[in-house]
Amino acid sequence: MKHYDVIVIGGGHAGVEAACAAARRGAKTALVTMRMDNIGVMSCNPAMGGLGKGHLIREIDALDGVMGQVADAAGIQFRLLNRSKGPAVQGPRAQIDRAIYRSVMQAVVGSQEGLQVVEGEVSGLLADAVGVRGVILASGASMTAGAVVVTAGTFLNGVIHIGDRKQSGGRVGDAASVRLGQYLADMGLRGGRLKTGTPPRLDGSTIDWAAVDMQAGDDDPVMLSFLTDKPAARQISCGVTSTNEETHEIVRRNISLSAMYGGHVEGVGPRYCPSIEDKVTRFADKDSHQVYLEPEGLNDRTVYPNGISTSLPAEIQEAYVRTIKGLGHVRILQAGYAIEYDYFDPRCLASDLSVSAAPGLFFAGQINGTTGYEEAAAQGIVAGLNAAAKSLDLEPAVFSRGDSYIGVLIDDLTTRGVTEPYRMFTSRAEFRLSLRADNADQRLTPMGRRLGCVGDSRWERFSEKSSEIARGSEMLQSVRLTPKQLAAQGIQVSNDGQSRTAFAVLGLAGVSPEHVSALLPEFKSVAPSIQRQIAIEALYQPYRDRQTADVRALQAEEGQRIEADFDYSSLSGLSNELKSKLNQIRPENMAQAGRIEGITPAALLLILSRIRSGQRVSSSR
């Protein structure tokens with residue numbers, strides 16, 4: 001019987017990060033997967049990053065995780081979303097070549113020191129009165145370990161639905177994990193069923209590309225890893241088209257044949273990634289929805305039509321797809337489908353993602369009710385670091401809402417639970433002005449180095465960057481500029497006679513590093529990329545101070561009562577989704593309101609402001 005420090009079950013995005021993280025901390029680690037050649041498979045859309053999700057990838061990368069570097073190696077189009085807005089809500093995104101990603105990821109896993117890949121199906125766990133001690137394989141063999149991480153994705157009792165047809169499976173072509181699913185359910189953990197879905201895959205050679213708009217990547221691509229300077233693969237454009245009233249009429253006419261709407265699926269789907277059936281039903285006032293035609297690889301004719309996931313019968317899928325501009329003669333290579341799977345209530349977990357009722361057992365990924373590659377990988381790195389800590393008696397990896405989106409994700413899951421597949425958004429973070437994608441390394445790489453998961457090469461590069469940022473910032477903080485000096489450079493400020501530090505000046509609207517360099521020539525010795533980083537920090541300094549004050553105000557008012565008939569509908573700043581949740585839950589006080597899934601600090605401040613203005617409330621203090 002082989003013994004490991006850590007055993008990770010599942011070779012998806014969560015499993016890979018968990019296994020590599022544990023190994024980087026010095027744990028002898030086994031990654032158990034049904035098929036070795038499926039490590040690095042992207043089950044759904046061929047893209048990574050975006051708003052909130054890109055922040056998570058940067059944080060994973062800052063801890064020396066693997067997703068960002070592999071995605072950069074496989075990226076065939078890079079775009080910085082929300083480029084016209086502030087850096088805090090900008091998200092790097094990459095279109096990915098599936099074959100390259102899979103190949104590079106397998107090479108990375110295969111070269112990770114201290115990590116062994118074991119092909120097999122886990123059917124149960126070795127456990128005693130003390131806790132979980134290892135795993136039992138379907139072959140009958142056993143493996144022992146100091147800690148076990150389960151990252152089963154959509155494979156736990158997975159069922160694939162296309163219309164009224166269903167079959168067992170974790171994704172098309174791969175078997176479900178039925179025995180492990182049953183074993184975990186027998187442990188008595190609270191759980192349920194969730195679902196996700198995919199669109200039909202199209203033959204790109206049958207698309208009329210001349211009939212659709214084309215969207216190129218950025219001229220100055222922003223990479224997902226701090227260690228990558230430029231794309232490695234050839235860059236491409238994606239197509240953009242849209243559904244129309246004829247499309248919607250076909251869907252409406254056949255809605256009862258959908259697995260979701262025909263009553264064949266029990267699980268709850270992701271609100272923020274609706275199927276075409278959901279869009280036609282929930283947004284009946286819209287006569288079109290955008291569809292992004294995303295090539296799945298440089299040498300692959302398969303195209304992923306992002307925006308029309310479905311569980312309608314295959315023949316109906318073909319009918320509605322062919323009504324879309326540019327797709328009139330398209331051939332479907334694989335029908336879209338819904339997949340339903342088991343998850344467990346993440347409130348059964350501690351903040352290190354260990355199962356409270358089973359010492360030595362950790363959960364990460366969709367088993368905890370999340371959706372998305374990035375959310376899974378973020379949980380994987382947390383579980384892997386802490387599984388190694390448990391087995392080797394090391395310092396635990398603790399993330400907070402104030403230091404990372406990873407901390408926001410973990411806290412949301414373990415304290416609020418989920419009612420639908422959880423997706424990360426920048427609005428979920430109270431400190432999002434500080435938790436930016438651009439400074440993830442400044443926030444987390446020192447922590448990763450302390451934990452022993454950041455290697456020498458990354459640490460050396462990070463240290464050089466940090467020294468330059470400190471040098472440039474100190475240079476600006478040590479110099480004060482008068483309104484007269486600023487006016488000479490075309491920078492208009494209040495003529496109050498008060499001088500300002502060059503750092504504060506750099507944070508003013510319309511002021512660039514070039515302006516400051518003209519006033520302070522020595523600043524030219526700082527690299528342009530470092531100048532930009534310092535400028536972002538200067539821009540957000542006053543906003544961070546204000547945001548911190550707002551959060552403290554909310555914390556001080558947690559006991560404030562909210563009357564049962566409080567009129568949430570009259571708060572114009574609240575989204576319809578939050579109005580619906582608040583009206584349904586009717587929190588008794590601000591503390592309860594703050595625990596509602598999806599509630600934002602901005603929303604809480606709106607409610608508190610109305611309360612203070614005299615809306616029918618009373619105080620519990």
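What follows is a chat about how some labels for this predicted model are justified.

Trainee: Why is Arg401 called buried?

Mentor: Buried means under 20% relative accessible area, and Arg401 comes in at 13%, so the label applies. Arg401 is found in the loop between α9 and α10.

Trainee: What makes the link between Arg401 and Asp412 a polar contact?

Mentor: The cut-off for a pair of N or O atoms is 3.5 Å. The side chains of Arg401 and Asp412 make their polar contact at 2.8 Å, so the distance fits. Arg401 also has a side-chain polar atom 3.1 Å from the backbone oxygen of Arg428. Among the other residues Arg401 touches are Val408, Glu430, Phe431 and Leu435.

Trainee: Asp393 belongs to that loop between α9 and α10 too. Why is Asp393 called buried or exposed?

Mentor: Exposed takes over 50%, and Asp393 has 71% relative accessibility, so Asp393 counts as exposed. Its phi is positive as well, about 60 degrees, although Asp393 is not a glycine.

Trainee: What makes a positive phi worth a remark?

Mentor: Most residues other than glycine have a negative phi. Leu353 is another case, with phi near 70 degrees. Leu353 sits in the loop between β19 and β20.

Trainee: How do you know whether Leu353 is buried or exposed?

Mentor: Its relative accessible area is 0%. The limit for buried is under 20%, so Leu353 is buried.

Trainee: Why is the pair of Phe344 and Phe363 called tilted?

Mentor: Start with the ring centres: they are 5.8 Å apart, and a pair needs them within 6.5 Å. Next come the planes, at 35 degrees. Stacked needs under 30 degrees and edge-to-face over 60, so 35 degrees leaves tilted. A search of the whole structure finds four aromatic pairs, and Phe344 with Phe363 is one of them.

Trainee: What does that pair tie together?

Mentor: Phe344 is in strand β19 and Phe363 is in strand β20, so the pair ties together parts that are 19 residues apart in sequence. Phe344 and Phe363 are both buried. In the largest nonpolar core, which has 100 residues, Phe363 and Tyr101 touch the most other members. Helix α9 supplies the largest share of this core, 10 residues.

Trainee: Which residues does Tyr101 touch?

Mentor: Leaving out residues up to four places away in sequence, the contacts of Tyr101 include Met42, Met48, Met67, Val70 and Ile96.

Trainee: How do you know that helix α2 is largely enclosed?

Mentor: Count the buried residues: 10 of the 10 in α2 qualify, so the helix is largely enclosed by the rest of the structure. Lys53, Arg58, Glu59 and Asp61 are among them. Just after α2, Asp64 takes a positive phi of about 70 degrees.

Trainee: What makes you say that Arg58 lies over the face of Phe226?

Mentor: The distance from the ring centre is 4.8 Å, and the cut-off is 6 Å, so that part of the test is met. Lys28 lies over the face of Tyr4 in a similar listing, at 5.3 Å from the ring centre.

Trainee: Why are β15 and β16 called paired strands?

Mentor: Pairing asks for at least two bridges. Four bridges join β15 to β16, so the two strands qualify, and they run antiparallel. Thr241, for instance, has Val291 as its bridge partner in β16. β16 also pairs with β17 in the antiparallel sense over four bridges, and Pro295 has Val303 as its partner in β17. β16 and β17 form a hairpin with six residues between them.

Terms used
Residues numbered from 1 in each chain as written. Predicted model: local features only at pLDDT ≥ 70, side-chain atom pairs only at ≥ 80, totals over all residues. Heavy atoms only, no water. Core = buried A, V, L, I, M, F, W, Y, C linked by side-chain atoms within 4.5 Å. Buried < 20%, exposed > 50% of the residue type's maximum accessible area, 1.4 Å probe, protein only. Contact = heavy atoms within 4.5 Å. Polar contact = N/O pair within 3.5 Å; in protein donor to acceptor, adjacent residues only side chain to side chain. Phe/Tyr/Trp six-rings, centres within 6.5 Å; stacked < 30°, edge-to-face > 60°. Lys NZ or Arg CZ within 6 Å of the ring centre and 35° of its normal.
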